Amino acid sequence: MTKGTTRYHEDVHTPTEVANPGSYPPRVVKTYPGAPRHPLPWPPERSAHRLGRLLADLGGITRSQWLTPLDMLPFTDSFEAIPDADPLQWLVTRRPTPSGGARYSAEWYVLAGPDSEVPTGVYYYDPARHDLVRLRAGDYRSWAASRPAGTVLVQTNVFWRLAAKYGEMYYRLACLEAGIQVAQALVVAEGQNATARLCFPDADVAEVLGLDPGEEGAHAVVELLPPVPAGYGGPSLAAFPRAHGAHTAVLAQSRPGPEPLPAAPSGEGKRVGLPHAAPDLAAGTRTRHAAMRGFSGATMSAGALATILTAYAQDARWDLPANLVEFYCVVADVTGVPAGAYRYHPGEHELELVGEGDPRQRLREAALAALTQQGARTANVWLLPVGDAEAAEERFGARWYRVQQAAAGAALHRACLAAATVDVASRIQNDVLTHLLDTWFGLSGRRRSLLVAQFGTEHPGGLRPEFRLTW
Ligand SMILES: Cc1cc2nc3c(=O)[nH]c(=O)nc-3n(C[C@H](O)[C@H](O)[C@H](O)COP(=O)(O)O)c2cc1C
């Protein structure tokens, strides 16, 4: 079983052929004909309904863009893809989170309890109608929760939506998107004491949701417990550190955090210090989008780079070790940082040089599509999380691939959110043969770079009319 996963990891870097793409339905929103529905207030951000706002910020249809099929040219490099039926106009809807090929295969379900602002039950969040479809009436939270939780959210992935375009690579994208979705959830649920788990009894949870887990995988749960009304706190105990120490040792034992993986030692490469940064990821959720036309090539400031890297490696409140991925990047044109490949050390907030040479040339050799090639020429920074398959497999067994990809997706999404707050455009790209860069990075054993995101000043021809549907 684990051998198959290893082979998949080593072999599936690009989409594989889909014999009959026309046989997959175009629809990317589920329906449950006849099931009872519970409406949520619209527009979500104007209401005090926390759950409704949260679901819209996660999976809602929140943006619309007017494009034309000509906008596909940088992806396809050919006029062949222009559809005969309507070659000029193209209205697309978008969501707060990025999605491979905009296939929007990620879904959210809700296990509601008595404090969830909706009647107790199990629900599917319908993004098209911004309402909840009731699937069960009882309180099923205990099947998914690992701690006291008022509401439990479950993130799933409808595999065929990705398989229709990417063939075998659907699983890689589903795992990456779980991390992206969870990263977004932990940002937008701030204030609700949210934690996430990627290691949980999937089969039981899928059963509660009424899903066939082979077709729609349950990939993550997010547990929420909003605070109770504030009481009188009392005076500080800072004057009694010995008693405090004895007490907190017990608390740490009662809820242990995930153990770090054995860390790959730092190298001897030249170090570059970075300015302090404190990114506001929630602000980034309002404007993040994938750059449509690459970048202008303008120089990036060290402050912007520091903001992106701080978010890239930020700790997440989840059940995975903080060092499940290491934080590699390539820098081409950032003030005060020589061009090259680097490993970012979050503890020291420093870059360590791991590879010299022309980054743009190396990235061009690994990039597949025209847009990605263009990004190789014009972006300033490329982030490439690196994972050690051996260490991950030892800790997680068959689940290693899934959690490692999720950690990579989450790291890149946090970085894209941070970039949006400092006017830096970004795009996650799976069409880069990242393994071709691994020797340059000095990776050995089963350590591999997993995915790329590009960052830079948005190309002036890249912005498209985009309308916020909810705010
Ligand atoms: C896992 C993942 C892989 C992606 N891979 C590519 C890619 O290979 N090429 C590309 O141009 N865009 C890629 N994207 C970007 C998506 O096309 C983009 O997120 C989607 O069109 C929605 O647009 P938005 O991000 O502006 O909401 C990827 C996104 C994700 C989440």
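**The ligand shell and a buried helix**

Good morning. I begin with the surroundings of the ligand: by class, its shell holds nine nonpolar, six polar and four charged residues. Please keep in mind that what we are looking at is a predicted model.

In total, 19 residues surround the ligand. Pro98, Ala102, His289, Ala290 and Asp431 are the closest of them.

Which elements supply at least two residues of this shell? They are helix α5, residues 170-188, and strand β15, residues 425-429. The largest contribution is that of α5, which gives four residues.

Where does the ligand lie with respect to the domains? Residues of the shell come both from domain 1, which covers 26-60 and 95-224, and from domain 2, which covers 271-466; the ligand therefore lies between the two domains.

I turn now to helix α9, residues 302-312. Of its eleven residues, nine are buried, so the helix is largely enclosed by the rest of the structure. The buried residues form an unbroken list from Ala304, Leu305 and Ala306, through Thr307, Ile308 and Leu309, to Thr310, Ala311 and Tyr312.

What do these buried residues pack against? Their partners include the helices α8 (281-284) and α13 (400-421). Strands take part as well, namely β11 (325-331), β12 (340-345), β14 (381-388) and β17 (452-456).

Finally, a word on annotation. An unreviewed UniProt entry places the feature "domain: Nitroreductase" at residues 337-452. In the model, this span is 44% helix and 25% strand, and its end C-alpha atoms lie 20 Å apart.

Thank you for your attention.

Notes. Residues are numbered from 1 along each chain as its sequence is written. This is a predicted model: local features need pLDDT of at least 70, side-chain atom pairs count only at pLDDT 80 or more; totals for chains, interfaces and linings use all residues. A residue is near a molecule or strand if its C-beta atom, placed from the backbone, lies within 6 Å of it. Ala, Val, Leu, Ile, Met, Phe, Trp, Tyr, Cys and Pro count as nonpolar, Asp, Glu, Lys and Arg as charged, and the others, Gly among them, as polar. Domain bounds come from an automatic or database domain assignment. A residue is buried if 20 or more other C-beta atoms lie within 10 Å of its own, exposed if 12 or fewer, and partly exposed in between; C-beta atoms are placed from the backbone. Two residues are in contact if their C-beta atoms, placed from the backbone, lie within 7 Å. UniProt positions are given in the numbering used here, feature names are shortened, and annotations may be inferred rather than shown by experiment.
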